[in-house]
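Hello,

Here is the structure I said I would pass on. Please have a look, then read my notes below.

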Protein chains: 2
Amino acid sequence: MQLCTRARYGARALVEFALAHPDNTVSLKEVAKTQRISPKYLEQIMRALKASGLVKAVRGMHGGYVLGRPPSKITLGEVFRVLEGSPALVDCVEHTGVCPMEEICPTRDTWVEMTKAIMTVLEGTTLQDLAERKRRKGSPSTLIYHI
Amino acid sequence: MQLCTRARYGARALVEFALAHPDNTVSLKEVAKTQRISPKYLEQIMRALKASGLVKAVRGMHGGYVLGRPPSKITLGEVFRVLEGSPALVDCVEHTGVCPMEEICPTRDTWVEMTKAIMTVLEGTTLQDLAERKRRKGSPSTLIYHI
DNA sequence: GGATAATCCTACTGTTCCGATAGGAATAAT
DNA sequence: ATTATTCCTATCGGAACAGTAGGATTATCC
């Protein structure tokens, strides 16, 4: 049960755009380089993000991407829904009526619980939070030496 | 990000053994039938469970499986670890040193948080809990008509 | 207006993992 | 001896994952 790279890469990329928000566009190439992601693969991910409106694209030279909304208004939950589809850990969690044993299944309740636990974390984390984390961690010297 | 069938089937099967505990053995065939799982596939799952000691096998006619411990002492966390391996949602959560960007990665903290959220649910659920849930749900008539 | 640097788009591909199947060997009760 | 069970190794089809290929379009800069 691993998180697929699609959503993870997407999240990492979006942090870069959050850091540049609202003044600068960042090109796919730059993000691919700093985040060490295959540019062509990231391209697909960005396309999905653009289609959902989470980012806007600026074409042509000196183009790139910009967040479609302030980073404080974008949760990881939304990012995952765009890049991974349903966050349900088992089909029966979301689509009731699929499993004939649904009503009497004692394990389903636990799968629901787990899914909710994950979603709580994802919905509770915004790009703003991640960007701030990165600012703090990214340059530890400012924290360590300025005591 | 779906839960694989291996762990889910295993959990559902183990509930059957929990219900029979401690007096009766249950055969793989019976479980496969009542839980609608491919017998041959369930066989592999049971083998893994046996190797881990979670169940004991009784060979020969009228054989089957029995829980290796009281159901109250077996958590779903343990079941998942046996059947799915590491519960970490991303490799970097468990194996530190794999990712060169580990220290400054703002997303890793969230993957850790999500993994912990899942594990809390899994560790907090025992086979006893599931068995009781099933007893309650399995025969709703006893609850509905005895008001 | 041509070179350049970016996004856009469709398709393809190799690999791995998932879920399941096949066919029999060993064991024990009847 | 028969039967019902667990045990074991190997195999397989398909789907999903992660990434690649190659070019079309758009806008800036000189």
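Start with A:Glu84. This residue is buried (under 20% relative accessible area, 1.4 Å probe, protein chains only). Yet A:Glu84 has no salt bridge (a side-chain nitrogen of Lys or Arg within 4 Å of a carboxyl oxygen of Asp or Glu). The nearest side chain of opposite charge, A:Arg6, is 7.9 Å away.

A:Glu84 sits in helix 4 of chain A (helices are DSSP runs of H or I, at least four residues, numbered from the N terminus). What does it touch? Beyond neighbours within four places in sequence, A:Glu84 is in contact (heavy atoms within 4.5 Å) with A:Leu3, A:Cys4, A:Ala7 and B:Met1. The backbone nitrogen of B:Met1 is 3.2 Å from a polar atom of the A:Glu84 side chain.

A caution on the source: this is a predicted model, where local features need pLDDT of at least 70, side-chain atom pairs need pLDDT 80 or more, and totals for chains, interfaces and linings use all residues. Residues are numbered from 1 along each chain as written, chains are lettered from A, and side-chain values use heavy atoms, without hydrogens or water.

Now the interface. 40 residues of chain A contact 40 residues of chain B. In chain A, A:Met1, A:Leu3 and A:Lys137 lose the most area to chain B, together 18% of what that side buries (accessible area lost on being put together, 1.4 Å probe). Four salt bridges cross between the chains. One of them joins A:Asp109 and B:Arg133 (4.0 Å, N to O).

Best wishes

Conventions: Buried area = accessible area lost by both parts, 1.4 Å probe. Helix = DSSP H or I, 4+ residues; strand = E, 2+ residues; numbered from the N terminus. Buried < 20%, exposed > 50% of the residue type's maximum accessible area, 1.4 Å probe, protein only. Lys, Arg positive; Asp, Glu negative; His and termini not counted. Polar contact = N/O pair within 3.5 Å; in protein donor to acceptor, adjacent residues only side chain to side chain.
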